[in-house]
Amino acid sequence: MSRTAPSLLSLVLIATLAGGSRLCGEVPQERIVQRPAPNAQRPLTPPPTATQTRESLGTAPDPGPRPLRGQNDRGVSSPRRIGNNGSAAVIRPRFYPGSRTVIPRQLDRAVFFPTPAFWHGRDLTAEIKWMARSGFIPVSPIGDSVDMLTDYSQQPAGWRAYGVSVPAGGTVVLEVQHPKSAWFRLMLMDKWGQPGPGMLESAIAYRPIQVFYKNPDKEARAVYVIVDDPGWWSDAKDPYTLLIRRDWDPAKTDLSQVKMVAGLWGAMPSVSAEFRGPSLSGPAVYPR
């Protein structure tokens, strides 16, 4: 029995249905987004190390524990250090054996010529206040007959303090001399570590290498002068010279009643100093 051939209408209907299914099932190729396979592995990039981060920022390697920069709400340098792990540790002061006199701690060394901004940031007044919380500030008394001394700054602090007795109405001129004297400055303070009356000029000047003080009181008093050497240019082979010029005759002026150990200061004569003058006798004079 022969199979009847499909009619023309049937063939048209079948073709129409097949074309519609194809149009509904296909997605235009330009809309297809290629997605990575679920098991595809991305290349792993290790996180940058601390050294690589510093190099990209152009900073130097961490030298280790260092003082925090800045001040607290009282205007005093913070007595803390930052360790390698980022933790803060309190800096405990050290003392001279058998005394409550604090050994000055290390300060940053100046490697460039000091500018006004540098001197403003190097706040020795705040440093002295921090030391005074635990003990006394070391000061080397200068004998009444000493008119010149050679010495060098205490390292790594970079400064040293001296005490001078001044009678009522007396004037004293202090000058530091060194081949690199422009790196030095002199500061005058009272027994509380502050620029008292007649000392403000040295406190606001940036690089004074000569200061004078006139005692406005009606009684003799002690004045404390700091020789600041932040670049550490002075040493045993190249010391600085501190000149002391007075407008009174030390031989005719009795200043024995002046107390050099007063307020924040504790006597700690400099064993490296060489005092010179008409007389080499006195509690703060050492033989050359």
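This passage looks at strand E6 and at Asp151 in a predicted model.

Strand E6 covers residues 137–141, and five of its five residues turn out to be buried, so the strand is largely enclosed by the rest of the structure. The cover comes from both faces. On one side sit Ile137, Val139 and Pro141, on the other Pro138 and Ser140, and all of these are buried.

E6 also has strand partners. With strand E14 (residues 265–267), E6 pairs in the parallel sense, and three bridges hold the pairing on paper. Val139 takes part here, with Ala267 as its bridge partner in E14. Strand E8 (residues 159–166) runs parallel to E6 too, and the two are joined by two bridges. On that side, Pro141 of E6 stands opposite Gly163 of E8.

Then there is Asp151, which belongs to strand E7 (residues 148–151). With a relative accessible area of 0%, Asp151 falls under the 20% cut-off and therefore counts as buried. Its side chain is not without a polar partner: a polar contact links the side chain of Asp151 to the side chain of Ser272, at 2.5 Å. Setting aside neighbours within four places in sequence, the residues in contact with Asp151 are Arg160, Tyr162, Pro239, Tyr240, Ser270, Ser272 and Ala273. Ser272 thus shows up twice for Asp151, in the contact list and as the side-chain polar partner.

Definitions and conventions. Residues are numbered from 1 along each chain as its sequence is written. This is a predicted model: local features need pLDDT of at least 70, side-chain atom pairs count only at pLDDT 80 or more; totals for chains, interfaces and linings use all residues. Side-chain values use heavy atoms; hydrogens and water are left out. Buried means under 20% relative accessible area, exposed over 50%, partly exposed in between (1.4 Å probe, protein chains only). Helices (H or I, at least four residues) and strands (E, at least two) are DSSP runs, numbered from the N terminus. Two strands pair if DSSP finds at least two bridges between them. A polar contact is a pair of N or O atoms within 3.5 Å; within protein, one must be able to donate a hydrogen and the other to accept it, and residues adjacent in sequence count only if both atoms are side-chain atoms. Contact means heavy atoms within 4.5 Å.
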